[in-house]
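The following exercises ask you to read a structure with care, one step at a time. Try each task before you turn to its solution.

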Amino acid sequence: MDRFSFLNAAHLEFIGDLYDQYIQYPDSIEPSWKAFFQGYDFANATYDGEPLFAPAAQTVNKGSQTAQAVVNPTVVSQVPDNVQKEFKVINLIDAYRNRGHLFTKTNPVRERRIFEPSLDIKNFGLSDADLDLTFNAGEILGIGGPITLREIIGHLDNMYCQSIGIEYMYVRDPQKIGWIQNWLNQNLNQPKLSKEEKERVLEKLNEATAFENFMHTKYVGQKRFSVEGNESLIPALDTLINKSAEHGVEEVIVGMAHRGRLNVLANIFGKSYSQIFSEFEGKAFDTDLVAGDVKYHMGSSNTIKAHNGKDILINLAPNPSHLETVDAVVEGIARAKAEEDYNEDYSKIIPILIHGDAAVAGQGIVYEVVQMAGLDGYNTGGTVHVVVNNQVGFTTNYLDARTSTYCTDVAKVTLSPVMHVNSDDVEAVVHAFRFAADYRAEFGSDIFIDLLGYRKYGHNEGDEPKFTQPKLYNIIAKHPNPREIYKEKLLKEGVIGEEIVKQKEAEFKALLETNFEASKEIERNRIFPFMPEEWEGFEIARDAEIFEAANTAYDIEKLKEIAKTISTVPEGKKLIKKVSRLIEGRGKMIDEDKIDWGLGEALAFGSILTDGRNVRVSGEDVERGTFSHRHAVVKTEDTEEEIILLNNINDEQGKLRIYNSLLSEYAVLGFDYGYAMANPKALTIWEAQFGDFVNGAQIVIDQYISAAEDKWRLQNGLVMLLPHGYEGQGAEHSSARLERFLQMCASNNMFIANITTPANFFHLLRRQVVTNYRKPLVVMSPKSLLRHPLAVSKLEDFSTGTFQEIIDDATVDAKKVKKVVFCSGKIFYDLDKKRQELGDKETAIVRLEQLYPLNEKKVEEIISQYGKAKLIWAQEEPENMGAWTYILRKLRKYPFDVVSPSESAATAPGSSKRWAAIFEEVINKVFN
C-alpha cells in the first residue's frame with residue numbers, strides 16, 4: 001500500500017488537474033503520480049482515452065450508453081479503499097451525466113421505457129452501507145465536499161432525472177461540456193421563477209388554452225390542428241424570444257408545420273383573433289388575383305416589444321403541408337437577413353424550427369438541414385430546434401415511426417445538446433428554453449428541445465384517435481391540461497388567488513367573444529404581407545409588365561473593365577497552369593470579340609456587382625462549375641488560397657458569394673429560395689450539377705417556386721440553372737424535365753427559358769434584378785453549348801439590346817420560306833448545321849428562348865410573315881416529354897406538326913450510339 005499512500009491526502013480536484021497535465025505532458029509530473037496514472041484506467045472502455053472526470057478537461061462519451069468504467073484490477077488492489085470508492089462515485093456521477101436522461105419523469109401520459117443497466121449504486125460497486133459515507137466527489141458537481149453519497153445521489157437525481165433530461169456528454173468539445181455543466185450546477189437544473197414571471201407563464205398558458213377551447217366550441221369539427229396537449233409551447237416561445245432579446249437578438253425567423261400554428265399566430269405573433277375567426281368562415285380573399293391558402297399555412301411578420309423594452313421583429317414563414325420543407329427556407333431567410341440587414345452578425349437574428357416528433361425523425365430534409373449548420377455557405381449562427389412531441393404521427397405509434405431511441409437523435413449528427421422536458425411541467429419548460437437561448441448565444445450553434453406532451457384529439461379535430469391508440473387516449477381523456485396543472489400549483493403556492501384566476505379567464509373569453517362578433521363584419525379575408533420591409537417598392541407583375549422589355553444593356557467600357565479583372569492572374573499568385581490559361585483566355589475572347597457562355601455569365605455577374613448589388617450562387621460544384629466553365633473561385637497551387645476575381649473589380653461593387661453545397665438538392669434549393677425571398681435586391685442562383693438532379697427537390701418546386709405567389713402573394717427572384725441537353729449521356733443526365741416545369745406554369749408564376757446565346761443569357765440574368773417585380777427563373781442551361789464554336793456573342797450584344805424572348809430567323813427571305821421550324825435550346829445549332837449542309841434556303845428556324853410566359857402575340861407576328869409555310873415543332877426530347885404538349889396547348893390554333901424521338905418511358909437511351917442514330921433521324925426528318 002505504501003506505493004500509493006500519497007492518494008490518502010490528495011484533493012480530488014487536484015487529481016483531476018494533475019491528470020490533465022499528465023495527458024498532455026506525461027514526463028512533467030512527479031514519478032509516483034505518473035506510475036499511478038499509467039496503471040489506472042480512468043476512462044470508460046469506449047471513451048478513447050478521454051479523462052473520466054475533470055473540472056478542466058471534460059469526459060466525452062464516444063460509445064454506447066450502457067458501457068461502464070473499467071479499472072485496472074492490479075492497480076485497484078494497491079489503491080486505498082476510500083480512494084477506490086471516490087472513483088466509484090465518480091463513475092456514478094459520470095453515468096448520471098451520460099444516461100440520466102433515460103430515467104427521467106418527462107412523459108406526461110405514458111410509462112417510461114425501462115433501460116438497463118439502471119443507475120442503482122450496486123452497478124457501481126457501491127452499497128446502501130455507503131450512503132451516509134462522505135466523499136469529495138461532490139466538488140465535480142460544484143456542490144463542494146465532503147458530502148454524503150445520499151446527498152450526491154439526491155443532487156444527481158434532481159439535476160438529471162426529474163422533468164428535464166439532458167443529453168450532452170457526446171458533444172466532444174470540453175468548453176461546451178464545461179459550460180453546460182456549470183449552467184446546470186448553478187441552478188441544479190431546476191427552474192427558479194419570480195412571482196411576475198410565474199404570472200406571465202400562467203397568462204400565456206391561459207391564452208393558449210382558452211383560444212383552443214373557444215374555437216373547439218365555435219367551429220365544431222373544423223380542422224385547426226390544435227396545440228392541445230402541448231400548450232406549454234406558447235409560454236416556451238414567449239420565453240425563448242424574450243430571453244434571446246436579452247442576448248441582443250433583434251429578429252426571429254420561425255418555421256413550423258400546421259399543428260399549433262394558429263395558436264402561435266394569435267398568441268405569439270399577435271395576429272388578430274377576428275381575422276383568424278373570419279378565415280374559419282371560408283370567405284374569399286381580398287383579391288381575386290390569388291388563390292390563397294388554408295389558414296394554418298399562412299405566414300406572418302410583426303414587431304413586438306420584448307421584456308427588455310426593445311423592439312424585436314418576428315417572422316413566421318408560410319408553410320405547405322409537406323412537413324419540414326420550411327426548415328431549409330427559414331435557414332435561407334436567416335442567412336440573407338444576417339448578411340444584408342445585420343452586417344453578417346449572426347447573433348442579431350435567430351432561426352427557430354418547430355418540428356413534429358414523427359416528422360423530425362422521418363423526414364430526410366431534417367438531416368440535410370442539420371448538416372448545413374456548420375458549413376460556410378449555409379451557417380446561420382445556430383438554430384433552436386423545438387420538437388412538439390405528440391408521441392404519435394397521424395395514426396402511427398412512435399414505436400413504428402423510428403428506430404432511434406429519441407425522435408431528436410438527429411441532433412447527435414452535429415453534436416448538439418438535447419433537453420427532453422415534460423410539457424406538463426411548464427416551469428421546467430421555461431427553464432429548458434432559457435437554456436436554449438443561453439447556449440445559442442454563447443456558442444452560435446444548434447440546440448434541440450424535445451417538448452414531450454401528447455395530442456388531445458386525432459390528427460385533426462374530426463378524427464377518432466381511439467381507432468389506433470385506445471389505451472393512450474383513455475389516459476389522455478382523464479388527463480388535466482397544463483394550464484389546470486399550473487394553476488393548481490400557483491394556487492397552492494399562494495402566488496395567485498382563485499378570484500384573480502377566474503377574472504383573468506373571464507376577461508380573455510370576453511375578448512375572444514368580441515373578436516368573434518367582429519369577424520362577422522369582415523367581408524373578405526386578407527393575405528398579410530410577409531417581410532414587407534424587404535419588399536417595399538416591388539409590385540406583382542401582370543401581362544403588361546411581363547412582356548415589357550427591361551433595360552438590361554450595360555456600358556461597354558465597364559464591361560471591358562470587368563473583363564480585364566477576370567482575365568488577369570493576380571500578381572504574386574501562382575495558379576495551376578491550366579487555370580492560368582483559362583483566365584488569360586478570357587482576355588483573348590474580348591480581343592477576338594467572341595465571348596463564350598462562361599465569360600458571358602461572368603460579365604452578367606460583374607455587371608450586377610458593379611451596380612452595387614450582391615450575387616449568391618450555390619449548388620454542387622458551382623465554384624469551378626460541373627463542366628469546368630465557370631472558375632469563379634480559383635486556388636493558388638501552393639497554399640490553396642481561394643481567390644474570387646469578380647470581387648476585385650472596384651471598391652464600390654457588391655459581393656459575389658459562391659459556395660459549393662453539400663450533396664443535397666432538396667434542402668439547398670429550399671435554402672436558396674428562402675435566401676432570395678429575404679433579399680430580393682440580390683441575384684440568387686441555385687445550380688444543379690445535372691438538370692435531372694432537380695428531381696430530388698421537387699417538393700420545393702411544387703409547393704414554393706411555382707405556387708407561392710398564388711397561395712401567399714410571395715414573390716421570389718430565385719434563378720435555377722439546370723444543365724439540359726441530349727448528348728448521349730443516358731437517361732439521367734440528358735433531361736431536366738422541361739415538361740414538368742411547363743405543366744406547372746400559369747398566371748405568370750415563373751419564367752422558363754432555354755437559351756442559345758451568351759448575350760441573351762446575360763440579358764436574362766440582368767432582367768432578374770433590374771425590374772420592380774420578381775419571378776422565379778428556370779433556365780435549361782446548356783452543356784455542349786458551353787464550348788460550341790457558334791454559341792458566342794459579340795461584346796456589342798451585351799452593351800446594346802435587351803432580352804429576346806423569341807429569336808426570328810434573320811438569314812432567310814421570308815417570301816421564299818416554305819417551312820418554319822420552331823425549336824428551343826441547343827437543337828437549333830444542329831438544325832442550322834444540317835440546313836447549311838443541304839443548302840436549304842426555304843426553311844426558317846425560329847428559337848423560343850423563353851417558353852413561359854410565351855409571347856403569343858409575337859409568335860403570331862412571326863408566323864404571319866411566312867404566309868402559308870408549313871409549321872413544325874422540333875425537339876430533341878421524346879414526344880411525350882419536352883415542350884411539345886405545351887406548344888400544342890398554347891398554339892392550338894396553328895397546324896403544328898411535331899418532329900421528335902418517339903415517346904419513351906426513359907428520357908433517353910443508355911447507348912450513345914443509339915442516341916446519335918435517333919437524333920440524326922430527327923434532324924433528317926425536319927428537312928425531308
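**Exercise 1.** Does D611 count as buried, partly exposed or exposed, and at what relative accessibility?

*Solution.* The model is a predicted one, in which local features need pLDDT of at least 70 and side-chain atom pairs count only at pLDDT 80 or more, while totals for chains, interfaces and linings use all residues. Residues are numbered from 1 along each chain as its sequence is written, and side-chain values use heavy atoms, with hydrogens and water left out. The classes to apply are buried (under 20% relative accessible area), exposed (over 50%) and partly exposed (in between), with a 1.4 Å probe and protein chains only. D611 has a relative accessibility of 38% and therefore counts as partly exposed.

**Exercise 2.** Find the salt-bridge partner of D611, and describe where the two residues lie.

*Solution.* A salt bridge requires a side-chain nitrogen of Lys or Arg within 4 Å of a carboxyl oxygen of Asp or Glu. The side chain of D611 meets that of R766 in such a bridge, at 3.3 Å from N to O. To place the residues, take helices (H or I, at least four residues) and strands (E, at least two) as DSSP runs numbered from the N terminus. R766 belongs to helix 26 (residues 758-770), whereas D611 sits in the loop between helix 21 (597-610) and strand 13 (615-619), so that the pair links distant parts of the chain, 155 residues apart. R766 is buried, its relative accessible area being 3%.

**Exercise 3.** Which parts of the chain does the salt bridge between K85 and D130 tie together?

*Solution.* Begin with the contact itself, in which the closest N and O atoms of K85 and D130 are 2.5 Å apart. K85 is part of helix 4 (residues 81-99) and D130 of the loop between helix 4 and strand 1 (134-135), so the bridge joins parts that are 45 residues apart in sequence. Then check the surroundings: K85 is buried with a relative accessible area of 17%, and D130 is buried with a value of 3%.

**Exercise 4.** Work through the salt bridge of E876 and K826 in the same manner, and then place it among the other bridges of the structure.

*Solution.* The closest N and O atoms of E876 and K826 are 3.2 Å apart. E876 lies in the loop between strand 25 (870-874) and helix 30 (884-890), and K826 in the loop between strand 22 (819-823) and helix 28 (827-838), so parts 50 residues apart in sequence are tied together. E876 is buried at 3% relative accessibility, and K826 is buried as well, with a relative accessible area of 10%. The structure holds 50 salt bridges, and a network of them links R335, E339, E340, E344, K655 and R657.

**Exercise 5.** Which peptide bonds ending at P117 and P853 are cis, and which residues, L188 and N748 among them, have a positive phi?

*Solution.* As a reference, most residues other than glycine have a negative phi, and most peptide bonds are trans. The bond from E116 to P117 is cis, with omega near -5 degrees, and P117 is in the loop between helix 4 and strand 1. The bond from Y852 to P853 is also cis, with omega near -10 degrees, and P853 is in the loop between strand 24 (850-852) and helix 29. Turning to phi, L188 has a positive value of about 55 degrees although it is not a glycine, and N748, likewise a residue other than glycine, has a positive phi near 55 degrees. L188 is partly exposed at 32% relative accessible area, whereas N748 counts as buried at 9% relative accessibility.

**Exercise 6.** How many helices and strands does the chain have, and how does its radius of gyration relate to the globule rule?

*Solution.* The chain has 31 helices and 26 strands. Its radius of gyration is 33 Å, close to the 30 Å that the globule rule gives for 928 residues, so the chain is as compact as a globular protein of that length. Here the radius is taken over C-alpha atoms, and the rule is 2.2 Å times the number of residues to the power 0.38. The C-alpha trace spans about 110 × 75 × 50 Å along its principal axes, and buried residues make up 60% of the 928 residues.
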